[in-house]
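Me: I would be grateful for a close look at one part of this structure, namely its salt bridges. Please set them in the context of the overall fold and describe the surroundings of each residue involved.

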Amino acid sequence: MALACIFQCCFCQRGQQSHGSSRTSPELSEECPGEMVKMTKSKTFQAYLPNCHRTYSCIHCRAHLANHDELISKSFQGSQGRAYLFNSVVNVGCGPAEERVLLTGLHAVADIYCENCKTTLGWKYEHAFESSQKYKEGKFIIELAHMIKDNGWE
């Protein structure tokens, strides 16, 4: 089982400085715990993002995918329309890398899919061949057609 990533926001970190952080809690409380935790086998997803954050989820199964704070850009194009670029994501698997010519040139990318429902969501930039595109390396594209907004959006 893959290890869950840990996210902390500035607001949550301030609250933890006085009490310390416990990374072994199997559940998230209604309050903002300041971290995402690895879940037990009784849970559907490998990782849940904190309830105090606006999040993006898989439109097909509602697995958490990304924290809004990890959003880099909304100005990307996927194979099925608009897409967002994220610094990091959760509950996704990664296929093998392959070279593709995209709108911005040649890149080595790996398709990413929802770990829960196995739907292909977008891709991860493994390598950019042009120097102006290097900022994308290690970042993730998720197409809007495959995600919905959750937690605190109005």
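Reply:

**Salt bridges in their setting**

In this predicted model, the protein is made up of one helix and eleven strands. The helix comes at the start of the sequence pattern, and the strands follow it: α-β-β-β-β-β-β-β-β-β-β-β. Of the 154 residues, 41% count as buried. The protein exposes about 8,500 Å², and carbon and sulfur atoms supply 49% of that area. As for contacts between residues at least 6 apart in sequence, 45% of them join residues at least 24 apart.

Against this background, the charged pairs may be taken in turn. Side chains of opposite charge can pair when their charged atoms come close. A search of the whole structure finds five salt bridges, among them the pair formed by Arg100 and Asp111, with a distance of 2.8 Å from N to O. This pair links distant parts of the chain, since Arg100 belongs to strand E7 (residues 92–102) and Asp111 to strand E8 (residues 105–114), eleven residues apart. The relative accessible area of Arg100 is 21%, so this residue counts as partly exposed; the limit for buried is under 20%. Asp111 is likewise placed in the partly exposed class, with a relative accessibility of 31%.

The pair is also part of a wider arrangement. Glu98, Arg100 and Asp111 are linked in a network of salt bridges.

Further along the sequence, the side chains of Glu115 and Lys118 meet in a salt bridge, with 3.7 Å from N to O. This value lies within the 4 Å that the criterion allows. Glu115 is partly exposed, with a relative accessible area of 27%. Lys118 has a relative accessible area of 51% and is therefore classed as exposed, the threshold for that class being over 50%.

Another salt bridge is formed by Lys134 with Glu137, and here the closest N and O atoms are 3.3 Å apart. Lys134 has a relative accessible area of 35%, which makes it partly exposed. Its partner Glu137 is also partly exposed, with a relative accessible area of 27%.

To draw the description together, the Arg100 and Asp111 pair connects strand E7 with strand E8, and both residues belong to a network that includes Glu98. The pairs Glu115 with Lys118 and Lys134 with Glu137 are also among the salt bridges of the model.

Note on methods:
Residues are numbered from 1 along each chain as its sequence is written. This is a predicted model: local features need pLDDT of at least 70, side-chain atom pairs count only at pLDDT 80 or more; totals for chains, interfaces and linings use all residues. Side-chain values use heavy atoms; hydrogens and water are left out. Helices (H or I, at least four residues) and strands (E, at least two) are DSSP runs, numbered from the N terminus. Buried means under 20% relative accessible area, exposed over 50%, partly exposed in between (1.4 Å probe, protein chains only). Contact means heavy atoms within 4.5 Å. Accessible areas come from the Shrake-Rupley method with a 1.4 Å probe; for residues, only the protein chains shown count as cover.
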